[in-house]
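Open the model in your viewer and keep the sequence panel visible. We will go from one selection to the next.

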Amino acid sequence: MSTIKSGFISIVGRPNVGKSTLLNKIIGHKISIVTNKAQTTRNNIRGILTEPEYQLVFVDTPGIHTSKNQIDRFMNSSAMRSMKEVDVVVFMAPADETIGKNDLFILNELSKKTDVKKILVISKADIVNKEKLFLKANEWSTYQDIFDEIIIASSTENINIDKLIETIVGFLPETGHYFYDEESITDQPNRFAIREIIRESVLLKAGQEVPHAVAILIDELEETDEEINVVASIIVERKSQKGIIIGKQGKKISDIKYKSKKQIKELFDKNVNLELFVKVQENWRNSASLIKKMGYDKDKY
Ligand SMILES: Nc1nc2c(ncn2[C@@H]2O[C@H](COP(=O)(O)OP(=O)(O)OP(=O)(O)O)[C@@H](O)[C@H]2O)c(=O)[nH]1
């Protein structure tokens, strides 16, 4: 039986090189955008591609993906950190532009990363002729040692996109599990976002005291034009953790509820009714490192 491969990927590069277009192409209709409001202290999840054999979780690298004055923001340490926390970095540079100082800056940073796989995508291959493409590939070959793979691709013409996906999958670890269950990311992005908000509130309010092995299950979710009704369970591994999350006279759980409600309200701009339960389920997932990998790093708080 084959083992599931899964991991985190970020797509980096100067503005306008085609990062969003590539991501949309890869994710297709499966895109599940979680708004910025839902994710304040860690990498944003931009989209997830789930297949029986693998799951690719694309995360935002703040300042590299969307910023106009990209280099300034790239310098900020959270962008640097987020590059460390992924398994694969896809660096994009367009076939029709010269290698600029911004590229060189990112290249220099990439060259220092030994713990991630790096793929160079020479993008927009469709807009230059073969001769120019050859010259461009040649130009980039100076930097080939930095990369584990170089792929010439076009998102709009669907050139080498499958090859890119295959390459990414090849670089991912065999984890044997998905990070996100498929149901929650395909047709129910709201459920996904709410779950993330609650999880974040739990970790902010009780993260120091409970190991980061907390799972959130949305038991009920009803949405009308005016309001959202949510019933959710916070799953912990041990009884003692349940006590910590509930807190003295229910103080902590009520803080968690208040914070979650506020954020869900902001996100959807509707009234929110939220019921939270804390349940113990031993060894629900025996992997604190997995949680850390998903960005719940207490060092960030
Ligand atoms: N011809 C061609 N155009 C492309 C391709 N990929 C992207 N583009 C175009 O390039 C422009 C920029 O693409 P985006 O995907 O927005 O680039 P980005 O890197 O996400 O840009 P920022 O959000 O500013 O960082 C758009 O006009 C796209 O249509 C491609 O493969 N071929």
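Which residue is the bridge partner of Leu120 in strand 6? Select Leu120 and look across: the partner is Ile150. Helices (H or I, at least four residues) and strands (E, at least two) are DSSP runs, numbered from the N terminus.

Before moving on, note what is on screen. This is a predicted model, in which local features need pLDDT of at least 70, side-chain atom pairs count only at pLDDT 80 or more, and totals for chains, interfaces and linings use all residues. Residues are numbered from 1 along each chain as its sequence is written.

**Strands 5 and 6**

Select residues 117-123, strand 5, and residues 149-152, strand 6. They pair in the parallel sense over four bridges. Two strands pair if DSSP finds at least two bridges between them. Now add helix 5, residues 130-140. The chain runs from strand 5 through this helix to strand 6, in a right-handed β-α-β crossover. Right-handed means that, with the strands pointing away from the viewer, the path from the first strand over the helix to the second runs clockwise.

**The loops on either side of helix 5**

Go to Lys124, in the loop between strand 5 and helix 5. Its phi is near 55°, a positive value in a residue other than glycine. Lys124 counts as buried because it has 25 C-beta neighbours inside 10 Å. The cut-offs: buried is 20 or more other C-beta atoms within 10 Å of the residue's own, exposed is 12 or fewer, and partly exposed is in between, with C-beta atoms placed from the backbone.

Next, pick Phe147, in the loop between helix 5 and strand 6. Phe147 has 19 other C-beta atoms within 10 Å, so it is partly exposed. Measure from its C-alpha to that of Lys118: the separation is 5.0 Å, for residues 29 apart along the chain. Leaving out residues up to four places away in sequence, Phe147 touches Lys118, Ile119 and Leu120. Contact here means C-beta atoms, placed from the backbone, within 7 Å.

**The hairpin**

Move to strand 7, residues 215-223, and strand 8, residues 227-236. This pair is antiparallel, over eight bridges. The two strands form a hairpin with three residues between them. Select Glu223 to find its bridge partner in strand 8, Ile228.

**Helix 10 and its end**

Show residues 251-268, helix 10. From first C-alpha to last, its 18 residues reach 26 Å, close to the 26 Å expected at 1.5 Å a residue. The expected span is 1.5 Å times one less than the number of residues. Colour the buried residues: Ile253, Ile256, Ser260, Lys261, Gln263 and Ile264. An α-helix has 3.6 residues a turn, so residues three or four places apart point the same way.

Step just past the helix to Asp269, where phi is positive at about 55°. Asp269 is not a glycine. Asp269 sits in the loop between helix 10 and strand 9 (271-280). It counts as exposed because only 7 C-beta neighbours lie inside 10 Å.

**The ligand**

Centre on the ligand and its 16 surrounding residues. Pro15, Gly18, Lys19, Ser20 and Thr21 come nearest. A residue is near if its C-beta atom, placed from the backbone, lies within 6 Å. Helix 1, residues 19-27, gives the most to this shell, with three residues. By type, the shell has three nonpolar, ten polar and three charged residues. Nonpolar covers Ala, Val, Leu, Ile, Met, Phe, Trp, Tyr, Cys and Pro; charged covers Asp, Glu, Lys and Arg; the others, Gly among them, are polar.

**Zoom out**

Finish with the whole protein: eleven helices and nine strands. Buried residues make up 36% of its 301 residues.

Technical notes
Two residues are in contact if their C-beta atoms, placed from the backbone, lie within 7 Å.
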